[in-house]
Amino acid sequence: ISSSSNSPFPTSGSQLHLPGNAEFVGVVTATSFNPTAQGSLSHRNIAINGAMDIAQRGTSSNSTAGYHTIDRWEQYHGSTDEAPDFGRFTVDPPGQYHLPTTGPHPYREGFRYAWGVTNGNQTSGAGADDNIIMGYVFEARDIAMCGWEYTNPNSFITLSFWIKSSVAQEFYGQLLTQDGTIYNYPFGTGSLTAFTWKKVVKTIPGNANITFNNDNGAGLRFYLWPFAGTNLTGNITNDAWMVNNYSTRVYNNTTTWYTTNDASLQITGFQLEVGSVATPFEFRSHGEELQRCKRYYQKDLNRRAYWGSGNVSDRQFPVRFGVEM
């Protein structure tokens, strides 16, 4: 914007007030930046490995519980007839089974991997205790010190991620605090179209009753439930904090995906950031993301140990961690 004596815009030294949203075309020079509604520009994504790039342990597992594939992501399943397979998927360019073909798409935004699950053959149907869970744990100090005034209902943190299912339906998830009284924030993804990526955004207010310790314990858990049986669900209110009840983790589940053999569910672009706006995903280099992951797990592929003759009881083999764990 240029200003002159004949311009309808204010001259230097005054302020320009535009109602609503403003779009500028051309070069705009700002004298200062005051991010009052959003957090920092760099390192704003509190989540680690949200692009599903790092997989030190491997890329496929049907284990019942724990960390087995993509770094920082844990898997659970119980009471299933056939174990589901968790693993890394390739994010392909838009096409017949990678919709939408126009508009936003995770591949266009730079994502090349997703993490998800392929369902087994649940021949006995959807049992009351059946469950499949995809989880992520945030360190308590990372939430306590991120800049979110989490006890203030007018302060917000924003969760965003891409999701795709081979079966059309809605899925449900939750955020669980871990310190003090456990609070649950259940949510839904909205209806998904089969084989079509959807961006889910949840803006989450603070709550006067939640607590996060300044330590390295679990502070906030994210769970996405591909399926939860009726002993784990209920007619609860989504998008609102409530005292946790383990008998009603998430809203009543649709069974279509779970009773479809080899159905798949994938997520990528997982981001949690301070503020009420979902900003573009913060991509970090492979090297930086790997270093962050090594805080929690390190695998040494290069060490060699040779035993020779003599008194081997005095041999020592030090283990040196590349990153403090």
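Here is a short chat about a predicted model.

Modeller: Quick ground rules: this model is predicted, local features need pLDDT of at least 70, side-chain atom pairs count only at pLDDT 80 or more, and totals for chains, interfaces and linings use all residues. Residues are numbered from 1 along each chain as its sequence is written, and side-chain values use heavy atoms, with hydrogens and water left out.

Biologist: Is asparagine 119 buried or exposed?

Modeller: Look in the loop between strand E5 (113-118) and E6; strands here are DSSP E runs of at least two residues, and helices are H or I runs of at least four, both numbered from the N terminus. Buried means under 20% relative accessible area, exposed over 50%, and partly exposed in between (1.4 Å probe, protein chains only). Asparagine 119 has 1%, so it counts as buried.

Biologist: Which residue has its backbone oxygen 2.7 Å from a polar atom of the asparagine 119 side chain?

Modeller: A polar contact is a pair of N or O atoms within 3.5 Å; within protein, one must be able to donate a hydrogen and the other to accept it, and residues adjacent in sequence count only if both atoms are side-chain atoms. The asparagine 119 side chain reaches the backbone oxygen of threonine 260 at 3.3 Å. The partner at 2.7 Å is tyrosine 258.

Biologist: Which residue in E6 stands opposite tryptophan 73?

Modeller: Strands E3 (residues 73-78) and E6 (residues 131-139) run antiparallel, joined by six bridges; two strands pair if DSSP finds at least two bridges between them. Opposite tryptophan 73 stands tyrosine 136.
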